[in-house]
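User: I would like to go through the labels used for this model and see what each one rests on. Please set the values against the definitions as we go.

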Amino acid sequence: MIRTPLRPLARILDARAKGQNPDVIERENIAIRHEEMRDRARARAALRLRVLGLSFFMAFIVIGARMGTLAATEPTEPRSSGGATEITAQRSDILDRQGRILATNMLTYSLYAQPNDMVDPVHAATELAAIFPELDPAALERRFTDGRSFLWVRKVLSPEQMQRVHEIGDPGLYFGPREMRLYPNGTLAAHVLGGAAFGVEGVDSAEVIGTAGLEKELDARLRDPAQSSTPVTLSIDLTLQANVEEVLAAGMRMMNAKGAAAILMDVHTGEILSLASLPSFDPNDRPANPTEGEPSDSPLFNRAVQGVYELGSTFKIFAVAQAMDLGLVNTETLVDTNAPMRWGKYKISEWDNHNYGPTMSVTDIIAKSSNVGSAHIGLMIGGERQRAFLGTLGLLSAPQIELVEAANAKALVPNNWSDIVTITASYGHGISSSPLNLAAAYATIANGGTKVTPTLLHSKTRQKGVRVLSERVALACVAMLRRVVTEGTATLANVPGYAVAGKTGTAEKPRKGGGYDGDKVINTFASIFPANDPKYVLIVTLDEPVETSGPKPRRTAGWTAVPVAAEIIRRIGPLMGLRPQIESANLNGLTAVSAPDVND
Amino acid sequence: MRPVLYILSFLAVLASAFWAYRENYATQAQLKHVAGLHDEIATLRENIALQRAEWAYLNRPDRLRDLATINFDRLGLLPMEPMQFGYTNQIAYPAPPELRITGTIETMGSLNPADVVNADPEEQTP
């Protein structure tokens with residue numbers, strides 16, 4: 001680099017010679033040099049700015065291009081994700097307590113049409129109507145040709161039907177995959193399961209939603225994608241359910257009843273092993289809700305849970321249990337049973353206008369089912385305490401169970417608990433409750449006096465409910481109920497080997513206009529077995545039964561519900577692994593009073 | 001020295017580019033394979049679900065009861081009664097199989113005990 005001197009000698013000498021100031025020359029040169037330096041710096045800065053601008057431009061172009069491709073391409077699932085726990089079904093299976101399938105899903109196809117793509121709509125419509133008889137060819141043809149671009153033809157197809165639709169060969173007919181809810185056991189446990197239907201439907205999938213029963217109550221759980229591969233295990237046992245339903249159906253036919261219900265419940269865990277209501281329906285093809293007539297006459301009506309009935313004499317044991325728990329009576333206390341009893345304008349009489357004599361022991365009141373005796377015991381307790389006790393047993397509220405219908409089955413209880421209500425309630429009239437509530441209340445007596453909440457979900461733990469009765473009273477009550485079977489109103493329930501204890505209940509149906517209908521009864525048998533170590537409660541309810549083998553029709557529970565319950569116990573006892581007790585020698589002091597020879 | 005370094009680093013870049021190219025395609029091939037496997041698993045799962053449903057349908061209590069009724073005599077069935085409970089020690093062990101004597105068995109012996117001891121045991125078995 002050539003350095004330009006700031007004070008070039010020639011010019012300095014020249015300036016000195018002329019008498020000028022040589023410093024001016026130096027300053028002039030300095031100024032020139034600074035100007036050059038400034039030009040260079042400006043050029044460099046301009047270049048840098050250009051490079052920076054270019055790189056920013058490139059970066060924006062790259063980002064823009066990427067955004068463009070992302071927006072333009074079809075979205076795809078990231079491939080490497082999704083491990084072994086892929087969603088297999090959109091709705092969990094429902095299993096019974098032994099792992100047998102009660103409800104599962106099946107892949108099938110729906111049929112839809114896009115008439116714009118159709119070659120020969122008239123031909124397709126006639127062919128489709130030949131495959132599916134419920135379709136009207138004329139209506140289908142009209143819908144194919146009225147200009148719409150999309151329509152559903154059928155929600156589900158069988159593989160054979162799908163093949164036949166393929167064979168029509170019309171390009172405008174399309175199939176969409178569908179997951180269908182399947183109940184392989186048909187009508188079995190239909191009222192427990194309820195049913196399912198398609199919710200929002202798309203071409204590629206449709207959501208399956210529960211429409212009734214457990215499917216609706218547990219809908220959120222069953223549809224939870226995180227738990228879809230974990231089945232819901234119910235407390236229901238398929239074998240027991242099948243046997244209970246078979247015997248109950250036969251019993252219903254023989255007793256000419258229009259409906260029947262049975263509940264089998266574990267007294268310690270509260271698990272419902274079987275819950276049957278007849279007539280039944282097929283949840284695979286759930287009928288539409290009835291729009292006219294009595295809803296309780298529809299097969300969809302769950303008599304065991306929704307049915308709210310006056311359960312009759314089965315309530316007497318509650319009055320006796322409470323009176324004993326309060327120390328008002330013991331098993332041998334004599335109570336006034338002079339019938340008919342008058343209370344104000346009301347007359348309380350025994351069944352068939354019997355009179356069991358002036359006094360009876362508490363045990364006999366239960367065994368003979370004396371209304372008057374129970375009424376006197378109820379009056380000893382008093383309305384306030386009786387109401388509280390029945391409330392604690394859960395008889396005055398809607399049943400608590402994992403069924404969507406349960407919440408609406410509120411017990412019918414009079415608002416004003418007057419003395420006459422106390423009297424009628426002590427023998428099970430005037431208040432109506434669900435048979436499921438009765439099962440839970442009997443389970444409380446059977447398990448030694450602690451409250452049990454019925455459940456349909458399988459659990460292996462005993463419930464630790466609040467104590468309602470002392471253990472001594474509960475034991476004595478079971479012994480009294482055993483007496484009902486050995487020498488009282490339910491002798492037909494004496495199943496050899498299974499010490500059955502129970503109480504019959506016959507309640508006349510209230511008429512629409514008021515009063516009671518003598519020919520229409522609800523017969524209930526609430527039983528506990530085996531009596532020496534209660535494990536199960538079985539409630540059998542028959543709606544309007546009549547037993548016609550004798551000279552005159554019999555409508556008491558002892559002749560209708562009791563033999564049905566006995567046959568159920570005889571059938572399911574071995575299935576539950578209950579060994580028949582040949583001897584009943586090792587009974588304790590309390591039950592020894594009624595120690596029967598169970599082998600007779 | 002410098003040119004050698006340049007060449008070496010250039011070769012290294014080439015090698016790693018080649019490696020990355022291969023890895024990319026190998027990974028894509030594996031991803032495709034995994035996707036295929038997932039599809040297969042899904043199909044198999046669907047089939048299993050369908051077969052479980054069919055199994056449950058074929059084992060529905062109604063059908064089993066009908067089948068048992070039809071074949072009641074042929075299979076020598078008995079109605080299930082509570083009194084059929086037994087204890088395991090009431091069940092007899094299976095009878096030991098009978099000895100099968102088919103051919104003749106020759107037995108030969110000597111009166112001299114010393115010969116018996118010395119005899120080859122394999123010769124005595126038939």
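Analyst: Two residues are in contact if their C-beta atoms, placed from the backbone, lie within 7 Å. The model is predicted. By contacts of this kind, helix α17 (residues 561-575) of chain A lies across β8, β14, β15 and β16 of chain A, and the helix runs at about 140 degrees to β16(A).

User: What makes α13(A) and α14(A) oblique to each other?

Analyst: Helix α13 (residues 383-392) and helix α14 (residues 419-426) of chain A pack at an angle of about 45 degrees, with their axes 9 Å apart. Angles under 35 degrees count as roughly parallel, and 65 to 115 as roughly perpendicular. An angle of about 45 degrees falls in neither range, so the two helices are called oblique. Their crossing is left-handed.

User: Which residues make that contact, and how do they divide by class?

Analyst: From α13(A) come A:G383, A:Q386 and A:L390; from α14(A) come A:D419, A:V421, A:T422 and A:A425. By class the contact has 3 nonpolar, 3 polar and 1 charged residues. Gly counts as polar under the classes used, so A:G383 belongs with the polar residues.

User: Why are β9 and β14 of chain A called edge strands?

Analyst: The open sheet has 5 strands in the order β9-β8-β16-β15-β14 (chain A), with antiparallel pairing. β9 (272-278) and β14 (501-510) each pair on one side only. Neighbouring strands of the sheet are turned by 10 degrees against each other on average, direction ignored.

User: How do you know that β14(A) pairs with β15?

Analyst: Pairing requires at least two bridges between the strands. β14(A) is joined to β15 (residues 516-529) of chain A by 10 bridges, so the condition is met. The two strands run antiparallel, and A:E508 stands opposite A:V521 in β15(A).

User: Which strands of the sheet does helix α9 touch?

Analyst: Helix α9 (residues 238-254) of chain A packs on the sheet and touches β8 (259-266), β9 and β16 (536-543). The direction of α9 makes about 30 degrees with that of β9(A).

User: How many residues does each chain give to the contact between chain A and chain B, and which element of chain A gives the most?

Analyst: Chain A gives 27 residues and chain B gives 22. On the side of chain A, the elements that give two or more residues are β2 (101-113), α9 and α17. β2(A) gives the most, with 5 residues. The residues on this side divide into 12 nonpolar, 10 polar and 5 charged.

Methods: Residues are numbered from 1 along each chain as its sequence is written. Chains are lettered from A and ligands numbered from 1 in the order in which they are written. This is a predicted model: local features need pLDDT of at least 70, side-chain atom pairs count only at pLDDT 80 or more; totals for chains, interfaces and linings use all residues. Axes are lines fitted to C-alpha atoms, for helices over the stretch in contact, and angles run from 0 to 180 degrees between N-to-C directions. Helices (H or I, at least four residues) and strands (E, at least two) are DSSP runs, numbered from the N terminus. Angles under 35 degrees count as roughly parallel, over 145 as roughly antiparallel, 65 to 115 as roughly perpendicular and the rest as oblique. A crossing is left-handed if the near helix is turned anticlockwise from the far one by less than a right angle, and right-handed if clockwise.
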